[in-house]
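Please open the model in a viewer and keep the selection panel at hand. The stops below are arranged so that each selection can be added to the previous one.

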Amino acid sequence: MKNFAVIGQDGRQQAAGEYLKKRGYGVYRAEGVHLADYILLPMPLSADTVSQVQLLHAAAKGALAFGGKISPEARAVAQSAGVELLDYLDREELAQHNAIPTVEGAIEILLSQRQRTLWNTRVLVVGYGRIARLLCQRLAAFGARVTVAARKPGARAAAEAMNYDACPLAQLNEAAPRAEVLINTVPAAVVTAFVLQNLPKGAFVLDLASAPGGVDQTAAKRLELNTVWALSLPAKCAPVTAGEFVARTVLEMIAERGTQEDED
């Protein structure tokens, strides 16, 4: 039986540990890192969490570690400990799965922060990546009137094929006056002060982009817009599901390595 050391105490890590136990793995906490074949570290592995990565110095020879959003500092620690460290956030299946709780969390925010139904609400979604595609589908199911602002013609065509309205990202200023809700999914400064000031009175702004975000928060505050920057929604809204997604992804990564080693 192979063993995991699951580092970190948040709900996502606890759920990942429970999932691994159900799949027949021995699961230890930080004190059992020296007994582990695999080490599951939390996300993000930034300069602030390097102390958790330092535990790799106690790892057994040949142990394999996994973390999310790994910083250069964390990679340096792992290298000094002689432990291979892989980033599970680089995996497409986890990105696709994480879109599910992100979208559900976004809808929860919309329903709790506004006093109107989603039905018949004009929603302007900025970007058309994994999260935006799923979000538009869910919003349309509620009866929202969805418009997608996307840079690539192919993305706009895909949105139109789903019966959404679409416009170029460069025309975001022109689309803003018709939006009761603006949702940004692009992690770049695309929702500028000019866009925000063109929104109608009472509009709600939701930024789902990771840091540094895509909405000018200073301008939104100055314009007194109801704005929420929602970071890390999977961990906040559905930590059990999010943890299971991480564990499933890590097991897939291990299985692929085994297949490659067999072929070699």
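The tour proceeds from the whole chain to individual side chains.

**Conventions**

This is a predicted model, in which local features require pLDDT of at least 70 and side-chain atom pairs count only at pLDDT 80 or more, whereas totals for chains, interfaces and linings use all residues. Residues are numbered from 1 along each chain as its sequence is written, and side-chain values use heavy atoms, with hydrogens and water left out.

**Stop 1: the whole chain**

Display the C-alpha trace first. Along the principal axes, the C-alpha atoms of the protein chain fill a box of roughly 60 × 35 × 35 Å. The protein chain contains 11 helices and 11 strands; these are DSSP runs numbered from the N terminus, helices being H or I with at least four residues and strands E with at least two. Of the 264 residues in the protein chain, 47% are buried. Buried denotes under 20% relative accessible area, exposed over 50%, and partly exposed the range in between, with a 1.4 Å probe and protein chains only. Among contacts (heavy atoms within 4.5 Å) with a separation of 6 or more, 58% join residues 24 or more positions apart.

**Stop 2: the aromatic cluster**

Select Phe4, Tyr25 and Tyr38, which form one aromatic cluster. Rings of Phe, Tyr and Trp (its six-membered ring) pair if their centres lie within 6.5 Å; planes under 30 degrees apart count as stacked, over 60 as edge-to-face and the rest as tilted. A search of the whole structure yields 2 aromatic pairs. The pair of Phe4 and Tyr25 is edge-to-face, because the ring centres are 5.3 Å apart and the planes stand at 80°. This pair links distant parts of the chain, 21 residues apart: Phe4 belongs to strand β1 (residues 3-6) and Tyr25 to the loop between α1 and β2 (26-28). Phe4 and Tyr38 form a tilted pair, with 5.2 Å from centre to centre and 40° between the planes. Since Tyr38 lies in strand β3 (residues 38-40) and Phe4 in strand β1, the pair ties together parts that are 34 residues apart in sequence.

Which of these rings are buried, and which are partly exposed? Phe4 is buried at a relative accessible area of 0%, and Tyr38 is buried at 12%, while Tyr25 is partly exposed at 21%.

**Stop 3: helix α1**

Next, select residues 11-22. Helix α1 has 12 residues and reaches 17 Å from its first C-alpha to its last, close to the 16 Å expected at 1.5 Å a residue; the expected span is 1.5 Å times one less than the number of residues. Its buried residues include Arg12, Ala16 and Tyr19. After α1 comes Gly24, with a positive phi near 95°. Add Arg23, which lies over the face of Tyr19 at 4.1 Å from the ring centre; this assignment requires NZ of Lys or CZ of Arg within 6 Å of the ring centre and within 35 degrees of the ring normal.

From Arg12, move to Ala235, in helix α10 (residues 233-237). Beyond residues up to four places away in sequence, Ala235 touches Arg12 and Ala242. Ala235 is partly exposed, with a relative accessible area of 23%. Between Ala235 and Met43, 192 residues apart in sequence, the C-alpha to C-alpha distance is 9.9 Å.

**Stop 4: the largest nonpolar core**

A nonpolar core is a set of buried Ala, Val, Leu, Ile, Met, Phe, Trp, Tyr and Cys residues joined through side-chain atoms within 4.5 Å. Select Tyr128, Leu139, Ile183 and Leu206, which touch the most other members of the 30-residue largest core. Elements supplying at least two residues each include α4 (92-113), α5 (130-141) and β7 (145-150). The greatest contribution to this core comes from α4, with 6 residues. Leaving aside neighbours within four places in sequence, Leu139 contacts Leu110, Val125 and Ile183, among others.

**Stop 5: Thr121 and Glu180**

Finally, select Thr121, in the loop between α4 and β6, and Glu180, in the loop between α7 (172-175) and β9. Thr121 is buried at a relative accessible area of 2%, and Glu180 is buried at 18%. Not counting residues up to four places away in sequence, Thr121 touches Glu180 and Arg114, among others.

What lies 2.6 Å from a polar atom of the Thr121 side chain? It is the backbone oxygen of Thr117. For Glu180, a polar atom of the side chain lies 2.8 Å from the backbone nitrogen of Arg122.

Methods
Polar contact = N/O pair within 3.5 Å; in protein donor to acceptor, adjacent residues only side chain to side chain.
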